[in-house]
Amino acid sequence: MNRSKFLDAIIENAIDGIITIDDKGLIEHLNPAALELFGYGREELVGKNVSVLMPEPDHSRHDGYLSRYEHTGQKHIIGVGREVSGKRKDGSVFPFRLGVSEIKFSDRKIYTGFIHDLSKEKANEEQIRSYTEKLEVKIKERTHDLVKLVSELEMAKENMQALFQKEKELNQLKTRFVSMASHEFRTPLSSIQLSASLIDKYTSKHDVASVEKHTLKIKNSINNLTTILNDFLSLEKLEAGKVEASAQYFNIISFAEEIAEEMQMMTKQNQHIIYEHTGTTAEVYLDPNLLKNCVINLISNSIKYSGADTLIQFNSILKDDELILEVKDNGIGIPKVDQHNLFEPFFRAHNTGDIPGTGLGLNIVKRYVGLMNGTVACQSEQNSGTVFTLSFVLGK
């Protein structure tokens, strides 16, 4: 086989399309791959301007490209490795990579274009791009779901921890309650039983002084039991949301003097309650029943935690639209370490010893004061006494 036939065989059997045009842009030759790629027969294209195979805007500009190249040497479409678009006979457009070789003869020159179809590559790229976009969307969705799940798990973890903490607190309260109730009920009942037995003994001997002594013990024990039951009932009503403040106008001086007189009957030997009022007016607008419960509770504590021969100061201060009530004693005081838990239910300071109490009173006071939109504060030092202050902004 001679060289010319060998080259013809290569061109005719090449996988890529090969097109040869003259310097005017007219097609001289196409190999089978080019004809199949563009969908034409050979006779339909030979002699036609190669721009027939180009979509706009290259179709209209091709002759200008050739002319510019002839005069300036500036390449546009003509070049190596450019990615351009071709137009098939059916009007469809496809991408291909174009490589152009310029061949000069003695009397003329021709251009040979090598066309590599990029349709499958572009389709694959588009498929990969579409798949990548879908994958990115899916990843974002999964990431969002994961973040949401993590957030829900964290919230569930926090809720579980809160529930565990609540359960722990409830168990502690239950333990305190059982311990307190068994002790606080047993002690006064034992005292009542013993005193009742001794009364029978002293009655037969006509020992009036001893009878009066044990009768007083019975009364005190009954008062302690009554206080415990009242605290339980108050707490139950508060927890059930059955307590509401019902404000009305009343005279704070008459109110306080009546409480001081009533509580004086419960004091220890030579304990005295001193009441003083500061202010030019006396009328207030609060719930007298809730307020009375608070004051009685505070004065009862002062009586319990102060010794004989002591003074308990009870003050009311009325200025502008504010009422301040103070209950001050010089009793055993409250240790610093216990003061931050002072208003917790069933909590009692470590220095209370055998002094009876439920650990509910101050919790009830704080909640009653809160229902009246007031505040309660405490200042205390161990072995130096305690001051409780109730503050109310008076409304109409």
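The following questions and answers concern a predicted model of a protein.

Q: How many helices and strands does the secondary structure of the protein comprise?
A: The protein has 396 residues, of which 36% count as buried. Its secondary structure comes to ten helices and twelve strands.

Q: What share of the contacts with a separation of 6 or more is accounted for by residues 24 or more positions apart?
A: Contacts in the protein with a separation of 6 or more form the reference set. Within that set, residues 24 or more positions apart account for 58%.

Q: Which strand is joined to S9 in parallel, and which in antiparallel fashion?
A: Strand S9 covers residues 311-319 and is joined by seven bridges to each of two strands. With S7 (residues 272-278) the run is parallel, and His277 stands opposite Ser316 of S9. With S10 (residues 322-329) the run is antiparallel, and Leu318 stands opposite Leu323 of S10. The parallel partner is therefore S7 and the antiparallel partner S10.

Q: Which residue takes a positive phi in the hairpin of S9 and S10?
A: Two residues lie between the strands of this hairpin. The positive phi, near 50 degrees, belongs to Asp320.

Q: Is Asp338 buried or exposed?
A: Asp338 lies in helix H9 (residues 336-339). Leaving aside neighbours within four places in sequence, Asp338 is in contact with Phe347, Ala349 and His350. Its relative accessible area is 2%, and the cut-off for burial is under 20%. Asp338 therefore counts as buried.

Q: What distance separates the C-alpha atoms of Phe346 and Gly361?
A: Phe346 is placed in the loop between H9 and helix H10 (361-371), and at 14% relative accessibility it counts as buried. Phe346 and Gly361 are 15 residues apart along the chain. The separation of their C-alpha atoms is 8.7 Å.

Q: Which residues make the nonpolar surface patch of about 360 Å²?
A: One of its members, Leu153, lies in helix H5 (residues 119-204). Leu153 has a relative accessible area of 52%; because the cut-off for exposed is over 50%, Leu153 counts as exposed. The patch is made by Leu146, Leu149, Val150 and Leu153.

Q: How many residues apart are Lys89 and Glu44, whose side chains meet in a salt bridge?
A: The N to O distance in this salt bridge is 2.7 Å. The pair links distant parts of the chain, with Lys89 in the loop between strand S3 (80-87) and strand S4 (93-104) and Glu44 in helix H3 (residues 42-45). Lys89 is partly exposed at 47% relative accessibility, as is Glu44 at 27%. Along the chain they are 45 residues apart.

Q: Why are Glu125 and Lys122 separated by about one helical turn?
A: Their side chains meet in a salt bridge with an N to O distance of 3.8 Å. Glu125 is partly exposed at 45% relative accessible area, and Lys122 is partly exposed at 29%. Both residues belong to helix H5, and the separation is about one turn because they are three residues apart.

Q: Which lysine forms a salt bridge with Glu262?
A: The closest N and O atoms of this pair are 3.8 Å apart. The bridge links Glu262 in helix H7 (residues 252-264) to a residue in helix H8 (residues 288-305), 30 residues apart. Glu262 is partly exposed at 35% relative accessibility. Its partner is Lys292.

Q: How many disulfides are counted?
A: A disulfide is a covalent bond between the sulfur atoms of two cysteines. Cys294 is buried, with a relative accessible area of 0%, whereas Cys378 is partly exposed at 22%. The count of disulfides comes to zero.

How values were computed: Residues are numbered from 1 along each chain as its sequence is written. This is a predicted model: local features need pLDDT of at least 70, side-chain atom pairs count only at pLDDT 80 or more; totals for chains, interfaces and linings use all residues. Side-chain values use heavy atoms; hydrogens and water are left out. Helices (H or I, at least four residues) and strands (E, at least two) are DSSP runs, numbered from the N terminus. Buried means under 20% relative accessible area, exposed over 50%, partly exposed in between (1.4 Å probe, protein chains only). Contact means heavy atoms within 4.5 Å. Patches are made of residues with over 30% relative accessible area and no salt bridge: like charges are joined within 9 Å, nonpolar side chains (Val, Leu, Ile, Met, Phe, Trp, Tyr) within 5 Å. Accessible areas come from the Shrake-Rupley method with a 1.4 Å probe; for residues, only the protein chains shown count as cover. A salt bridge is a side-chain nitrogen of Lys or Arg within 4 Å of a carboxyl oxygen of Asp or Glu. A disulfide is a pair of cysteine sulfur atoms within 2.5 Å.
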